[in-house]
Each structure stands twice: as C-alpha cells, then as structure tokens.
Amino acid sequence: MRHLFKRILLAVDGSENSIRSTHHAIALAENFNGAIDVLYVVDGNKAKEDVLHATNKFEIEKKRKEKLNPIRELLKQSVAEFNTHVLHGEPGPEIVAFANEKGFDCVVIGSRGLNNLQSFILGSVSHKVAKRADCPVLIVK
C-alpha cells in the first residue's frame, strides 16, 4: 500500500486555504515518495474582469504568478517533485476533467469556508470535485 499516493493533484486558487492545502499535499508526497501537480484554474468570469481592470496582458500574467508564488516557494523547500499547470474555465469541471484524464491518485483542495447557505446555493468547487473525481479527494479546511 506504499504506492497509494504517488501522483497528487493540488488544486489551488492562491488563497490562504491554498497554502494550507499545499502543506497537506507536501506531507502526502513526502510520505509516499510522490509527485505533486499544481493546478490553478483561471475562472472565465474572473478573467474577463481582470482584463477590464488591467492595463495589459503582462500585468494580468504577473498577478497570477504572484498568487502562486507562496505555493511554489513551499514546494521548492520540500523534497517533492512538482509541476504547475494553469487552465482557463470553470474551476470545478476543469479540475475534475484534469484529475480524471490524467489518472491522479488523489486530489488535494481547500474548502472555501462558505457558510451552509452559500455553499448550498453556489455548490462549492471542493464539493463538486469530491462528487465527480474518480480518485480520493482530500478537502482541507
């Protein structure tokens, strides 16, 4: 059973929750001698908003990279191998499709800390992923 979590998908959005989930993904990777793929999905609606408020494309890319910097730094300090992927679209379905197509052993994702009513209405990304991914999903609070 030592091979259980060899390929870990870490879904991040650059929030504090993402930092916490990064710590958990690193612990899993180090325990199982696994590798981490970091996935950041740029929400289509958010992307349009970014374009409206940014002066140029370079500035948008720079802001996105800055969001991922703390996560990259944590991963660089660990012994785990990692890759980073940026996709565009709706986070829930994009994460699920990526996880299922690439056959990951586990998805690590932060919960957004929405209250019950908000998550009932919005259906949080972490719940959508947990329901539809073919592999175990670790939701970090």
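**Entry 1: Asp43**

I looked up the contacts of Asp43 in this predicted model. Setting aside neighbours within four places in sequence, I found Asp43 in contact with Gly89 and Pro91. I then checked the spacing of Asp43 and Gly89: their C-alpha atoms lie 5.0 Å apart, although 46 residues separate the two in sequence. I placed Asp43 in strand S2. Is Asp43 buried, partly exposed or exposed? I recorded a relative accessibility of 27% for Asp43, and I therefore entered Asp43 as partly exposed, since that class runs between 20% and 50%.

**Entry 2: the sheet**

I next traced the sheet to which S2 belongs. I read an open sheet of five strands in the order S3-S2-S1-S4-S5, and the pairing is parallel. Which strands form the edges? I noted strand S3 (81-89) and strand S5 (137-140), each of which pairs on one side only. On average, I found neighbouring strands of the sheet turned by 20° against each other, with direction ignored. I also looked up helix H6 (residues 125-132), which packs on the sheet and touches strand S4 (106-110) as well as S5. The direction of H6 makes about 165° with that of S4.

For the pairing of S2 (residues 35-43) with S3, I counted nine bridges in the parallel sense. Within this pairing I located Ile36 opposite Phe82 in S3.

**Entry 3: Thr22**

I turned to Thr22, which I placed in helix H1 (residues 16-32). Its relative accessible area is 0%, so I entered Thr22 as buried. What does Thr22 contact, apart from neighbours within four places in sequence? I listed Leu10, Val12, Ile71, Leu74 and Leu75. I also checked the side chain of Thr22 for polar partners and found one of its polar atoms 2.7 Å from the backbone oxygen of Ser18.

**Entry 4: the chain as a whole**

I closed with the totals. I recorded six helices and five strands for the protein chain, and along the sequence I read the pattern β-α-β-α-α-β-α-β-α-α-β. Of the 141 residues in the protein chain, 39% are buried. For the accessible surface of the protein chain I noted about 8,500 Å², with 55% of this belonging to carbon and sulfur atoms. How many of the contacts between residues at least 6 apart in sequence join residues at least 24 apart? I entered 78% for the protein chain.

Technical notes
Residues are numbered from 1 along each chain as its sequence is written. This is a predicted model: local features need pLDDT of at least 70, side-chain atom pairs count only at pLDDT 80 or more; totals for chains, interfaces and linings use all residues. Side-chain values use heavy atoms; hydrogens and water are left out. Two strands pair if DSSP finds at least two bridges between them. Helices (H or I, at least four residues) and strands (E, at least two) are DSSP runs, numbered from the N terminus. Axes are lines fitted to C-alpha atoms, for helices over the stretch in contact, and angles run from 0 to 180 degrees between N-to-C directions. Contact means heavy atoms within 4.5 Å. Buried means under 20% relative accessible area, exposed over 50%, partly exposed in between (1.4 Å probe, protein chains only). Accessible areas come from the Shrake-Rupley method with a 1.4 Å probe; for residues, only the protein chains shown count as cover. A polar contact is a pair of N or O atoms within 3.5 Å; within protein, one must be able to donate a hydrogen and the other to accept it, and residues adjacent in sequence count only if both atoms are side-chain atoms.
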